Structures are given as structure tokens and as C-alpha cells.
Amino acid sequence: MRVLSERSVSPGDKPIITLEGVTKRFPGVVANDAVNLEIRPSEVHVLLGENGAGKSTLIGMLSGLQQPDEGRILIDGEVRAITSPRNALALGIGTVFQHTMLVPTLTVAENLLLGAPWWQRPRKESLRTEVEALSKSLGMQVDLDAVASDLSLGEQQFVEIMRALLRNSRMVILDESTSMLTPSGIEELGALMRRLVERGLAIVFITHKLREAAAFGDRISVLKLGRKVGEITPERFQALHEDDLVTEIVDMMFGKRSDDPENGKRAGTTIAEDAKTVLAVDGVNLPATQTSPGLHNISFDVREGELLGIAGIDGNGQKQLAEVLAGQISGASGKIVLDGRNVESLSVGGRRDAGLRYLTDDRLGEGTVGTFPVSMNFLLKEVGKPPLWNKGFEKTSDIEKHAERLIAEYDVRTPRGHTPVGRLSGGNIQKVVLARELAEGARLVIFNKPTYGLDLANTLAIRQRILDIAAEGKGVLLISTDLEELLGLCDRIAVMAEGKLVGMVNNGENARTEIGRLMIGLEE
Amino acid sequence: MSAHTATTNAATDIDASHAKQARKAFLKRIAMTLGPILIALVIAGLLLLAFGINPLTYYSYVIDRGLFSPSGVQQTLTRMAPLLFIAAGLIVAFRAGIWNLGADGQFLLGAVTAAAAAPYLADFLPVWLAVVLAFLLATLIAVAWSLVPALLRAYQGINEIITTLMMTFLGTSFANVMVKLVFLDPSTTVPQTRTLPVTDRLPRLFDTTITSGLVFALVAIIAVHLMMTRTAFGLKLRIVGANPRAAVHSGLGVPLLTVAVFAISAGLCGMGGAIDILGVQGNVRANWNPAYALMVVPMVFLARFNGFASIAFVLLLSVMQIGGESAARRLGVPNVFTLLLVSIVLIVLAIAEYIDHRHNNSVKA
């Protein structure tokens with residue numbers, strides 16, 4: 001599948017865009033952390049990384065939707081700000097987003113003419129000749145009079161690329177363009193990209209699929225948790241065989257690096273053979289939806305004091321698994337047994353009372369109410385329960401005291417208890433959630449990406465907490481996309497792909513490679 | 001010991017600086033509310049000038065008639081009763097993130113139910129019991145009317161803004177039809193319901209013409225305010241309003257709470273209709289639709305869903321309405337000018353919010 005044409009690599013080409021130490025933060029998350037990147041003409045530059053690696057933010061900054069907090073952007077060697085999408089277009093940067101941005105009710109021609117100054121008459125005739133010339137050289141046909149919604153997704157994408165070219169873009173960003181395409185559509189897109197770079201264009205191709213990166217790229221930059229963890233130059237690219245290339249990339253994505261946060265290995269804990277089973281999951285199924293692969297016959301168990309990890313590339317059903325266990329989504333079948341008691345018919349609150357706790361990965365989206373004070377967010381799942389409520393009326397001073405106690409105990413850095421939780425940093429929000437979930441009676445704690453987007457100090461603090469919980473004899477289910485984290489903390493690691501558990505690995509010497517290969521589906 | 005005192009001092013300093021910040025925020029809020037109102041008064045004044053009316057004359061006349069003349073202030077306070085009930089109903093819904101814009105329909109159905117039931121029940125029951133039963137029945141009918149949008153919203157996720165608005169059109173027409181066809185008073189030629197005699201209506205306060213409904217209304221809105229801010233139930237509703245996904249995650253029964261919110265909100269609006277009939281109007285004439293709710297919505301927004309602030313804004317609205325009605329007769333300024341004034345206040349407020357938001361963002365950046 002790899003396109004081995006003569007790549008016109010001329011090292012003398014000056015980069016169109018250079019990113020230097022670009023950092024972008026969002027409330028609670030560092031989306032890009034000191035990223036350096038060079039986009040050169042006549043090159044397909046692949047940005048490879050999992051969901052949440054910071055690809056979209058990077059695109060946002062290149063296309064003028066977002067501004068970096070730190071670092072600088074050089075265009076043709078000069079420091080410039082890309083202030084808006086319009087400005088990006090003027091600088092020759094065209095973007096084709098994941099979801100097509102054509103107006104479905106307008107014809108192709110009308111879509112291509114959008115965005116011209118409003119006082120000018122649409123120049124339909126000159127458009128026709130321009131498009132014909134372009135189509136001929138790119139070897140693809142497009143019907144200008146077709147209504148956009150009648151086109152296939154691949155054709156729509158071609159129209160968008162065409163639109164970028166008609167506006168004299170020197171650089172085209174393709175954001176997850178293959179995610180909606182059929183296999184043959186992907187092939188065509190690959191061939192098209194090749195022809196575009198032959199014309200001297202720069203292509204930035206964003207994907208989380210390794211094979212595509214290897215097949216279509218000239219240069220690959222790998223992003224991981226907001227940082228750029230590696231780059232494969234065109235020279236290296238050509239020197240390597242495809243399989244070696246894949247291995248090298250897997251290493252970058254999942255391998256250990258010197259600047260990864262170090263964490264204390266579990267201090268020689270062994271789980272006693274006769275340790276009681278805290279959680280037993282048996283044959284859990286969930287129908288697939290448009291956005292998730294569902295769950296297929298998931299079975300595992302967690303014993304007292306055990307840390308079971310769930311590895312896998314994001315979006316393979318991990319979140320659904322956590323939500324089914326917590327009771328947040330309905331429609332699942334199968335058995336969930338907590339401490340010998342079936343809980344699958346219990347409500348979210350009932351399961352919490354039984355000792356099952358779920359720390360969501362979406363701290364601000366569902367884990368907390370951002371506008372509510374910290375003190376209330378500690379109690380979000382205990383509203384109305386005595387002793388802090390008396391016959392349904394809140395005891396304000398007791399609630400404040402309760403908050404003060406937890407703030408001190410969990411070292412939450414907040415001005416005070418009635419500060420809205422949304423104003424805190426991600427690490428401190430996570431501590432608030434942690435304090436809430438570890439309250440009285442926890443038996444099994446599900447962590448979903450607990451350190452995602454946190455800084456080093458908080459990451460280490462949270463990981464220590466997770467180890468402490470297991471040491472207390474509770475069961476822990478740790479869902480993470482950070483392999484390092486799983487290898488550092490867990491006793492056993494299950495790997496999820498496409499909503500199935502594809503393997504269970506005992507943490508040990510070869511665990512890293514084994515899991516890495518299971519994750520990208522190299523072993524089945 | 002001295003170290004201890006030092007830390008206490010530091011703590012009080014922090015407290016003091018927080019108190020200062022809180023005060024600053026409070027003053028800013030007042031300025032952000034009153035500023036737009038003053039600007040709107042100026043703009044509306046310019047409009048009056050364009051019509052050849054001295055705005056100062058108009059404004060002073062409105063305030064004089066609405067607030068400072070004995071009969072005016074009594075009318076103003078009487079008018080507040082139904083408005084406050086509607087405000088209470090809207091606060092519950094809006095704080096829970098549910099945009100019940102069907103209050104007018106719920107109000108009118110409550111009114112018609114009360115007007116039809118009270119005289120009928122009074123025929124064979126003690127008057128006080130008839131009035132109480134009519135009030136409860138009116139509440140019940142209004143609650144029932146809200147069930148359709150409530151169930152659609154709770155179980156199908158259908159936008160309640162559209163459904164409640166549609167239901168309000170249906171509700172007002174339905175109320176009308178009932179007056180004209182079913183509850184028609186045979187003894188009059190005008191299509192209207194039977195009239196509750198003045199002596200049977202809710203008592204007036206002391207020696208004034210102010211209805212005792214005002215007391216019930218004040219109790220209702222304060223109770224609602226305390227419910228929303230102090231109780232576990234109110235907190236649950238606010239969680240649903242502020243972040244529905246967090247509500248699901250926390251194990252709250254969101255659909256059931258949603259239905260409850262609709263029921264309470266519509267019930268309070270229906271009570272507003274009942275209180276207006278049982279206390280003041282005595283009957284409902286066909287085609288009567290004061291459309292109070294659409295006037296109260298902006299007031300509740302200006303008050304940021306705070307019950308006490310809502311009382312102040314409802315008073316303001318009431319003064320503008322009563323004074324405006326007099327001014328219409330006396331100065332020839334049409335009645336709708338009050339509405340115009342309210343809408344100008346809202347537009348100015350929105351612009352002020354926008355500028356404030358932009359300013360905050362630029363400070364942060």
C-alpha cells in the first residue's frame with residue numbers, strides 16, 4: 001500500500017511555517033506543550049497521535065482558530081501571528097476539517113465561490129476554467145453543478161481541497177480526513193496527496209492510524225499527551241522498511257522516554273492467591289452506536305488490593321465500559337458482581353452506596369459543576385444525605401467545615417471553599433473529584449485517565465493516591481491511554497480494542513511490547 | 001503566641017480582602033443592572049421627545065401615578081400578586097435550566113379554571129372552601145397542561161422552548177373557547193364566566209384596596225427562593241440546570257426531576273391566574289389575556305433568578321404598568337410604551353453584558 005514514488009526531497013526547501021516552543025493551555029489541561037514543528041513545501045508531513053494528543057489544538061493554531069499561549073510561529077522565516085481563519089487563508093494556509101464544511105444545499109460551484117467579497121459578482125465562468133485545469137492536473141473529476149449533499153464524502157473532501165487550492169494555498173491541512181472514507185477512498189486521497197506535493201504544496205496530514213502515516217507520509221511527527229515525542233525525517237523514512245517504520249513509531253508512541261514522568265513502581269506487592277474478588281464482570285455486552293464500538297462479551301475480575309489496568313487506544317470502548325460499570329448508561333447486558341452481590345440492576349447512586357466509585361475522565365464536562373463552589377462539588381453525589389442535610393435543608397456551616405477538612409486532607413490548592421471549582425487547575429479539580437469518590441465505603445474505584453492533562457507534580461500525587469488505595473485493600477480498575485502509567489502502577493493489564501478485551505498481560509518485562517502490539521492490532 | 005496572632009491577622013486580612021472583593025463584585029452587579037436601566041430611560045426619553053412629549057413629564061407622571069398616589073400604589077401592589085406568582089414559577093424553571101415560556105397559557109388556564117369553579121362550588125360549599133378548592137383545581141389544571149412539554153423534554157429531549165411556546169398558544173385559545181362555550185354566564189350578554197361576588201373574593205388588606213393575594217405571592221416567591229438556594233431538592237434542580245451530564249454522572253433521576261420542575265413551574269403560574277381571579281377580577285371575559293408572563297421573563301432575568309431581586313423588579317414593572325396605563329389616558333402615550341421601555345432595557349443590558357464579557361476576556365489575555 002505504500003506509495004514509493006520518487007520523493008522530491010530537496011533539503012534546500014525553506015519551511016513555510018515553523019512552530020517554536022508553542023504551548024497552549026485550556027482550563028485544567030495543557031493541550032500543547034512546547035511543540036516544535038516545521039512544515040516544508042513538497043512534503044506530506046504526518047501528525048500522528050491518539051485522541052487527546054494535541055493534534056486538533058495544533059491545527060487550531062495553524063488555521064487561526066486559536067492563539068498560542070507561549071512560543072512563536074514563523075511564516076517564511078518571519079514571526080507572525082495567525083489571527084483568524086481568514087488571515088490563515090490569506091497567508092496560504094487552507095484547512096480541510098474532519099467533518100466537511102460544505103453547505104449541503106448549495107452546488108459545488110456555489111460552495112467554491114463562497115467567501116469572496118460580498119460586493120463582487122460571483123465569477124462563475126472563470127471558476128469553471130480554473131476548476132477544469134485543476135481537475136485535469138490532479139486526475140479527478142468534479143461536477144460543478146452537483147448539489148454538495150449528493151456527493152460522497154470522498155468527493156466532498158476533494159471539493160474542499162479544491163477550494164483550498166483555488167485560494168492559492170501553499171499548504172493544506174487535512175484533519176483526520178480518512179476517518180470517514182472507504183478503503184478505496186483512502187487510497188485515492190493518498191494518491192491525490194502525492195500529486196499535490198509534486199506540485200510543490202505542503203500537506204499536513206493528521207491521523208491516528210499508523211498504517212496511513214507510514215503509507216502516505218514523507219515526514220512523521222508523533223504527538224503524545226501534548227508533547228512532540230519524536231520525528232521521522234524523510235531520509236530516515238526512505239531508509240526504513242515499512243514494518244521497521246511501524247515498529248519505530250510504536251516505540252515513539254508507547255515506549256519509554258527519558259522525560260516521561262517517573263513513578264514509583266509498586267513496592268513488590270503480590271496479591272495473595274486467596275484474595276477475595278471485589279469485582280467480577282461477566283459477559284458484558286453493549287450495542288455499538290455511531291460514535292462508539294459498543295462492548296462485546298467483556299469478562300474480568302479484580303481482587304482485593306489489586307490494580308487492574310485497561311490499556312487501549314482511546315475510543316475503543318473504555319469509556320463505555322466504565323459507564324456501564326458505574327450504571328450511567330443503560331442497554332447493557334451481562335453480570336456485574338461487587339463483593340458477591342449483583343449490582344447490574346442498581347442505579348448509579350445504589351452502586352455508589354455499595355462501594356463502586358467512578359472517577360470520570362471528563363472532569364469539567366460531567367465530573368463537576370464548574371460554576372458551583374468547591375464545597376458543593378465535594379458533595380455532588382451525596383446531595384440531601386444526613387448529616388450535612390437536615391430533612392432536606394442544607395447545614396451551610398457544616399458543609400463548609402466538611403469542605404475545609406477535605407481541602408486540607410487532599411491538598412487542594414484553592415483560595416477557599418466557595419471558589420467555583422471551574423476556576424481551579426486540572427490537578428486540583430481532580431483532587432476534588434478524588435476526595436469525593438474515596439469517601440467512606442469505597443470498595444472498587446474506577447479511574448478513567450486520571451492524570452490526563454495534569455502537570456508532573458499532580459500526576460505523581462494522583463498516582464501515589466492510586467497506589468495507596470490498592471494498598472488499603474480496595475480494588476482498582478485503571479483505564480489509561482498512557483502505557484507508562486499502566487506499567488508503573490498495575491498488577492495486570494487488559495487490552496481493549498474495538499470494544500473487546502483482546503488480551504490480558506501480567507505486568508512484567510515483556511509487558512510493554514506485548515501490550516503495544518495488542519493495542520494497534522498487530523497480534524490477534 | 002505572637003506568631004499565632006500573626007497568622008490570625010493574616011487570616012483576617014485575607015478575609016477582609018475577600019470581603020472587599022465580594023463588595024466590589026456586588027457593586028459592579030448593581031451598576032451593571034441599574035446602568036442599563038438609566039441608559040434605556042434616556043433612549044426611551046428621546047423617543048418620547050420625537051413624539052413631542054416631554055420625557056420628564058411622562059416619567060414623573062408614571063412614578064407619581066404608579067407609586068406616590070394613594071390609589072396608584074394600591075393598584076400597583078395588587079397587580080404584583082399575579083406577577084410574583086409567575087416570577088416564582090419562572091425562577092424554578094430557569095434555575096433548573098428549563099426555559100418554560102408557556103407561562104401565559106398556564107396562567108390563563110388557571111384563571112379560567114378558578115373563575116369557573118369558584119362560583120359553582122360556592123353554590124353548595126362554604127365560600128372559603130370553594131375558594132380554596134378552586135385555587136387547588138386551577139393549580140392542578142395548569143400542572144396537567146405542562147405535562148406534554150415536560151414528558152417530551154424529559155424522555156425525548158425535545159426542546160421545551162418550542163413546545164411550551166406552542167402550548168401557550170393552544171392554552172390561551174382553549175381557555176377562550178371554554179369561556180365562550182362551556183363556562184358562559186347565561187345571565188349576561190357579554191361572553192364571560194360567572195362572577196364571584198366581591199364579598200366572596202380574597203379579603204383586602206386592612207382598609208386598602210390591596211388584595212391579600214399579595215401576601216400569598218410574597219410567601220410563594222420567598223419560599224421558592226429558599227427552596228432553590230437552601231434545600232437538597234433545589235440543589236438537585238440547580239445541578240440539572242448547570243450541568244445535566246454531571247447530574248447523570250451523580251446519579252440524579254434527571255427525567256423525573258425535569259417533570260417535577262415543569263409541574264412546580266406551571267403550578268405556580270396557574271396559581272397566579274387563580275389568585276388574580278379569586279382576589280381581583282372575579283370573572284374571566286372571553287379574549288382576556290393580559291400576557292403577564294412575557295413581561296415577567298425579562299424581570300426575572302434582570303434579577304438573575306434571585307427571588308428577592310425579582311420582587312424589586314416586579315414592583316418596578318408593576319409601577320410602569322399602572323403608571324403607564326394612567327399616562328396613556330392622560331398624555332396620549334400608548335400603553336405599549338411600557339413594553340417598549342422594557343425591551344430597550346433588555347437590549348441595552350445585553351449590549352452591556354457583551355461589552356463586559358469582551359472586557360473581561362481582554363483583561364485575561
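Chain A gives 21 residues to its contact with chain B, and chain B gives 15. Two residues are in contact if their C-beta atoms, placed from the backbone, lie within 7 Å. On the side of chain A that touches chain B, helix 11 (348-354), helix 12 (363-367) and strand 18 (393-394) of chain A each supply at least two residues. Helices (H or I, at least four residues) and strands (E, at least two) are DSSP runs, numbered from the N terminus. Sorted by class, that side of chain A holds 10 polar, 7 nonpolar and 4 charged residues. Here Ala, Val, Leu, Ile, Met, Phe, Trp, Tyr, Cys and Pro count as nonpolar, Asp, Glu, Lys and Arg as charged, and the others, Gly among them, as polar.

The model is predicted: local features need pLDDT of at least 70, side-chain atom pairs count only at pLDDT 80 or more, and totals for chains, interfaces and linings use all residues. Residues are numbered from 1 along each chain as its sequence is written, while chains are lettered from A and ligands numbered from 1 in the order in which they are written.

## The two chains

The table sets out values for each chain.

| Chain | Helices and strands | Span along principal axes | Buried residues |
|---|---|---|---|
| Chain A | 18 helices, 22 strands | about 75 × 50 × 45 Å | 44% of 524 residues |
| Chain B | 14 helices, 0 strands | roughly 85 × 60 × 45 Å | 45% of 365 residues |

A residue is buried if 20 or more other C-beta atoms lie within 10 Å of its own, exposed if 12 or fewer, and partly exposed in between, with C-beta atoms placed from the backbone.

The radius of gyration of chain A is 26 Å, which agrees with the value near 24 Å for a compact globule of 524 residues. For chain B it is 23 Å, which agrees with the value near 21 Å for a compact globule of 365 residues. The radius of gyration is taken over C-alpha atoms, and the globule rule is 2.2 Å times the number of residues to the power 0.38.

In chain A, 70% of the contacts with a separation of 6 or more come from residues 24 or more positions apart. In chain B, 77% of the contacts between residues at least 6 apart in sequence join residues at least 24 apart.

## Chain A

Domain bounds come from an automatic or database domain assignment. Chain A is divided into domain 1 (17-100 + 170-254), domain 2 (277-355 + 441-519) and domain 3 (371-435). The centres of domain 1 and domain 3 of chain A, taken over C-alpha atoms, are separated by 41 Å.

Strand 8 (residues 202-207) of chain A is mostly covered, with 6 of its 6 residues buried. Ala202(A), Val204(A) and Ile206(A) are buried on one side of the strand, and Ile203(A), Phe205(A) and Thr207(A) on the other. Two strands pair if DSSP finds at least two bridges between them. Strand 8 of chain A pairs in the parallel sense with strand 3 (residues 43-48) of chain A over 6 bridges. Strand 7 (residues 171-175) of chain A also runs parallel to strand 8 of chain A, joined by 5 bridges. Phe205(A) is the bridge partner of Val46(A) and of Leu174(A).

An open antiparallel sheet of chain A has 4 strands in the order 12-11-14-15. Strand 12 (295-303) and strand 15 (341-342) of chain A are its edge strands, each pairing on one side only. Strand 14 (residues 333-338) and strand 15 of chain A run antiparallel and are joined by 2 bridges; Val337(A) stands opposite Asn342(A) of strand 15. Helix 10 (residues 318-326) of chain A packs on this sheet, touching strand 11 (277-286), strand 12 and strand 14 of chain A.

Ala81(A) lies in the loop between strand 5 (78-79) and helix 2 (85-90) of chain A. Ala81(A) is exposed because 12 other C-beta atoms lie within 10 Å. Leaving out residues up to four places away in sequence, Ala81(A) touches Gln67(A) and Ile73(A).

## Chain B

Chain B is divided into domain 1 (80-333) and domain 2 (335-365). Their C-alpha centres lie 28 Å apart. In chain B, 9 residues of domain 1 are in contact with 7 residues of domain 2. Helix 13 of chain B gives the largest share of the domain 1 side, 5 residues. That side of domain 1 of chain B has 6 nonpolar, 2 polar and 1 charged residues.

How values were computed. Axes are lines fitted to C-alpha atoms, for helices over the stretch in contact, and angles run from 0 to 180 degrees between N-to-C directions.
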